[in-house]
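Subject: Structure handover and notes on pockets and helix packing

Dear colleague,

I am passing on the structure we spoke of, and I would be grateful if you could look through it alongside the notes below.

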Amino acid sequence: MLLRTLREHGKTHNWFAVGVDLLVLIVGVFIGMQATNWNDARLARNEGRQYLERIVADIRADQVDMGRRLAYYTQVREYGVAALAALEGTRAMPDEAFLFAVYESTQIVPRPINRSTYDEAVAGGGFAQIGSSEIRSLIANYYLNREAADVTIRNVPPYRDIARRYMPLHVQEFIRERCPEVRLRDTRGDNINVLPTTCELELSASEAAAAVSRVRSAPGLSLDLTRYISDIDQKLILFTAARDSATHAIDALSRR
């Protein structure tokens, strides 16, 4: 309609009207562009808020997960210390209890920290819409620290492979069947790993003695177990630090 009016005013040389029409056209285009920009900015802010909410939820899950890993690896360490004492002759253990301790001391939870929302936001360009530069820096540093910790968390020293290589397969199967590690899932679908506290394998005395003899024949097993326990200690330090870091990040992001 405006363009037709503009042409008609041009034909009649009504230049004042033409000027008014052009001004109206320009203002209309400007307002339309501004409306589009405002809408795009609104959508970007909404996307940023959604990403922030999801990242905070992920960090809360990390906080819970680190607590679970602390409990899990503390129990693994206890089995390792008991097995080491038996290997070094400072603690007497029944054969079945020794085999169970050795096996449970090899249990691991090597999965990395979940950073799917953060990676999605960065890859899709949505991370730039998350709050202020201070908030983005806090989030980026959190995941940078988790990435560095993952190297140690996912490290598995040779002891696990050696112990399971020397322990007879049927004994390992007995332990898994009679005293399995329980794997549950929380409301988010995250794993909850729970180790058994006792186990009755009901092996014959000769079977148990032969299995213990074979495990003890592994060269340098006590040294490898010592190194393994040291690695667990490092993991426990990292889990504690990661849980504290998650708590700090949640508190800081919740205030903004």
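The notes that follow deal with pockets and with helix packing.

Please keep in mind throughout that this is a predicted model.

I begin with the largest pocket, which holds about 230 Å³ of space. Its lining comprises 14 residues, and those closest to the centre of the pocket are Y79, M93, A97, F100 and T197. Helix 2, spanning 15-88, and helix 3, spanning 95-104, each contribute at least two residues to this lining, and it is helix 3 that gives the most, with four residues. Sorted by class, the lining of the largest pocket consists of eight nonpolar, two polar and four charged residues.

The second largest pocket encloses about 200 Å³ and is lined by 17 residues, with Y103, Q107, R164, E181 and R183 lying nearest its centre. Two or more residues of this lining come from each of helix 3, helix 6 (159-166) and helix 7 (169-178). In the lining of the second largest pocket there are eight nonpolar, two polar and seven charged residues.

Turning to the packing, helix 3 and helix 7 meet at an angle of about 80°, and their axes are 11 Å apart. Because angles of 65 to 115 degrees count as roughly perpendicular, helix 3 is described as roughly perpendicular to helix 7. On the helix 3 side the contact involves L99, F100, Y103 and E104, and on the helix 7 side V171, Q172, I175 and R176. The residues of this contact are five nonpolar, one polar and two charged. F100 thus appears both in this contact and among the residues closest to the centre of the largest pocket, while Y103 appears in the contact and among those nearest the centre of the second largest pocket.

The other pair to examine is helix 5 (residues 133-153) with helix 9 (residues 221-254), which pack at an angle of about 165° with their axes 11 Å apart. Since an angle over 145 degrees counts as roughly antiparallel, helix 5 is roughly antiparallel to helix 9, and the crossing of the two is left-handed. Helix 5 makes the contact through I135, L138, I139, Y142, R146, A149, T152 and I153, and helix 9 through Q234, K235, L238, F239, A242, S245, A246, A249, A252 and L253. By class, the contact of helix 5 with helix 9 contains 13 nonpolar, three polar and two charged residues.

With best regards

Definitions and conventions: Residues numbered from 1 in each chain as written. Predicted model: local features only at pLDDT ≥ 70, side-chain atom pairs only at ≥ 80, totals over all residues. Heavy atoms only, no water. 1 Å grid on protein atoms, 1.4 Å probe; cavity = no way out; pocket = protein on both sides within 12 Å on 5 of 7 lines; lining within 4 Å. Points joined across faces, edges and corners; volume = space filled by probe spheres on them. Nonpolar A, V, L, I, M, F, W, Y, C, P; charged D, E, K, R; others polar. Axes fitted to C-alpha atoms, helices over the stretch in contact; angles between N-to-C directions. Parallel < 35°, antiparallel > 145°, perpendicular 65-115°, else oblique. Contact = heavy atoms within 4.5 Å. Left-handed = near helix turned anticlockwise from the far one by under 90°.
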